[in-house]
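Load the model in your viewer and set it to cartoon, with side chains ready to switch on. The stops below give one selection at a time and say what is there.

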Amino acid sequence: MSTAAAPPVAPARTPLPVVLAGARGHGRSHLLNIRRLEERGLVRLAGICELRPLDPAELDGLGDPEQSADLDALLSSTGARIAVLSTPIQTHTEMALAAARHGAHLLLEKPPAPSFAEFRRMADGVEAAGVACQIGFQSLGSHAVPAIRRMVGEGAIGELLGVGGAGAWVRDEAYFRRAPWAGRRRLGGVDVVDGVLTNPLAHAVATALALSGATRAEDVEHIETELSHAHSIESDDTSGVRVVTSAGVQVTVAVTLCAETSSEPYVIVHGSRGRITFWYRQDRVLVQRAGHGPVETVYGRTDLLENLVAHVTDGEPLRVPPTETGAFMRVVEAVRTAPDPRGIPAAHWHSEPGESAPRRVVDGIDALVDTSADELRLFSELGAPWAPSTRVEAR
C-alpha cells in the first residue's frame, strides 16, 4: 500500500523590518496598521522617527522599537526594508530620497510633494535608487476603482460625460493650529501647499481623476482653480477645481472644511445613460442607469502597505506608484501657482462651536458642493457671491 507524499511546506518568511517616520497625528493610523501586519507575520516595527520619542503607552503591543529623530541614522542601524513616511508635506522629498539611498522601499503619504518639480525630483531619485514607492492614496486601493472603470469602458452608463467630486467636512480653528505648517501655502520660504484640495480632501481629487481615466501628468490638458478660505489661514479651506483631460473629459471637484454638517465625500461618474456614485471612504458604489433599478455594492479594499510588502516579496504590482499620481500633482502645481486664496467675506459665513475651538461655516456650502458634483460647475458658475473668478493653467 503506497502513501502519497505530504506536500512541501513553504518556508516561513522573515517579517520585513519597517521604520515609521511620523507616528503621531495621522501617523497613528500607520502605527496601528503596522501592528496589524505584525500580527500576521508580514512586517516588524524596527524603528520610529519622531522628534519626541513615543512612550510605552503609545507603543502598546509594538514592543520596544529603536527610536530616533535622525531618519538616516535610524535606517542605517535598523536595516529597514520599508520606510513609511507620514511627515509634513514639505519634508516628503528629502525624506523619501534619504530612505531610497538606504535601499528602503517607500509608503509615502499624500500629497507626495508640495510642487511638481519636487515630485519629479522625488520620483526620479527613487527610480534611480531601484526601490519601490507607493503613494498613500488609500482610496485607490479600493476594488471599486477598477470595477467602475470597467463598467464605464463597457458602456454601462453610455458615453462618459464627466466626473464630479464632492467633499464637505467640518474642521474647527484648532485644526489649523495643530502644526506650524497647517493651513500654510509657504513656511520659511518653502512651499507647503496645505490646502483643502491638496491635503485633507485630496482623495476626492485623486479618485475623480482616476475614475476619469486620467492619472498620469500627460493625461491633463488644462486646469481651472477657485481657491477661497473662511478661516484666518493662508491656504484654502473652500475650493473648486476643474480639470480637462487630454481625452476631453471634464473633472470638477468642490470641497470645503467649513461645512454645515460633515458628510461622506463622494465622486459621481456621469454618463449619457446613467451615473455611478462612489463613496470612496466606504468602498460603496451606487449604479443608476436607464432601464434598470439602482444597484448598490460594497467592494473590498487592498491595504497599500500590505500591497507594498507583497510587491517587495512576491512582485505584486503596486496599486499607486508615483506615475499614477502625476495628474494629481498637476493639480497641486496649479494650486501652488494660483493667486493666493480669496477670503470669504464675513457676511457669507458664521461661527459655531467646534469640538475644541470655534469653527466657521460658509452659508449654504453643503448644497453648493453637492450641486457642483451633480452639474460639473464651479462655485462661481453656481452664483456663489464670494467665489473668485477662475484661473486657467495651460498645459
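## Pockets first

The second largest pocket has a volume of about 240 Å³. This is a predicted model, and the volume is computed from it. To find this pocket, select Arg 13, Leu 42, Val 309, Thr 313 and Asp 314, which lie nearest its centre among the 13 residues of the lining. Next colour helix H7, residues 304–314: this helix gives the most to the lining of the second largest pocket, with five residues. By class, that lining has five nonpolar, three polar and five charged residues.

Now go to the largest pocket, which holds about 1300 Å³ of space. Select Gly 25, His 26, Gly 27, Ser 86 and Glu 109; of the 43 residues in the lining, these are the closest to the centre. Two elements give two or more residues to this lining, namely H1 and helix H3 (92–101). The largest share, four residues, comes from H1. Coloured by class, the lining of the largest pocket divides into 18 nonpolar, 16 polar and nine charged residues.

## Strand E1 and its partners

Select residues 16–21, strand E1. Are its residues buried or exposed? Six of the six are buried. Show the side chains: Leu 16, Val 18 and Leu 20 point one way, while Pro 17, Val 19 and Ala 21 point the other way. In a regular strand, side chains alternate between the two faces of the sheet.

Add strand E2, residues 43–49, which pairs with E1 in the parallel sense over six bridges. At Leu 16, the bridge partner in E2 is Val 43. Follow the chain from E1 through helix H1 (residues 27–39) to E2; this β-α-β crossover is right-handed.

Then add strand E4, residues 82–85. E4 also pairs with E1 in the parallel sense, over four bridges. Here Leu 20 of E1 has Val 84 as its bridge partner.

## The cavity

How many cavities of 30 Å³ or more are there? The count comes to one, and the largest cavity has a volume of about 50 Å³. Select its lining: Leu 140, Ala 206, Leu 209, Ala 210, Ala 214, Thr 215, Glu 324, Thr 325, Ala 327 and Phe 328. Helix H6 (202–212) and helix H8 (326–337) each supply at least two of these residues, and H6 has the largest share, with three. The lining of this cavity has seven nonpolar, two polar and one charged residues.

## Aromatic pairs

The whole structure has five aromatic pairs. Select Phe 116 and Phe 119 for a tilted pair, 5.8 Å centre to centre with 50 degrees between the planes. Both lie in helix H4 (residues 116–129), three residues apart, about one turn of the helix. Phe 119 counts as buried because its relative accessible area is 2%, under the 20% cut-off.

For the last stop, keep Phe 328 from the cavity lining and add Phe 137. These two form an edge-to-face pair, 4.9 Å centre to centre with 75 degrees between the planes. Which parts of the chain does the pair tie together? Phe 137 lies in the loop between strand E6 (133–135) and helix H5 (144–153) and Phe 328 lies in helix H8, so the pair ties together parts that are 191 residues apart in sequence. Phe 137 and Phe 328 are both buried.

Methods. Residues are numbered from 1 along each chain as its sequence is written. This is a predicted model: local features need pLDDT of at least 70, side-chain atom pairs count only at pLDDT 80 or more; totals for chains, interfaces and linings use all residues. Side-chain values use heavy atoms; hydrogens and water are left out. Buried means under 20% relative accessible area, exposed over 50%, partly exposed in between (1.4 Å probe, protein chains only). Two strands pair if DSSP finds at least two bridges between them. A crossover is right-handed if, with the strands pointing away from the viewer, the path from the first strand over the helix to the second runs clockwise. On a 1 Å grid over the protein atoms alone, a cavity is a set of points where a 1.4 Å probe fits but cannot get out, and a pocket is an open set with protein on both sides within 12 Å along at least five of seven lines; lining residues have an atom within 4 Å of a point. Grid points are joined across faces, edges and corners, and a volume is the space filled by probe spheres set on the points. Ala, Val, Leu, Ile, Met, Phe, Trp, Tyr, Cys and Pro count as nonpolar, Asp, Glu, Lys and Arg as charged, and the others, Gly among them, as polar. Rings of Phe, Tyr and Trp (its six-membered ring) pair if their centres lie within 6.5 Å; planes under 30 degrees apart count as stacked, over 60 as edge-to-face and the rest as tilted.
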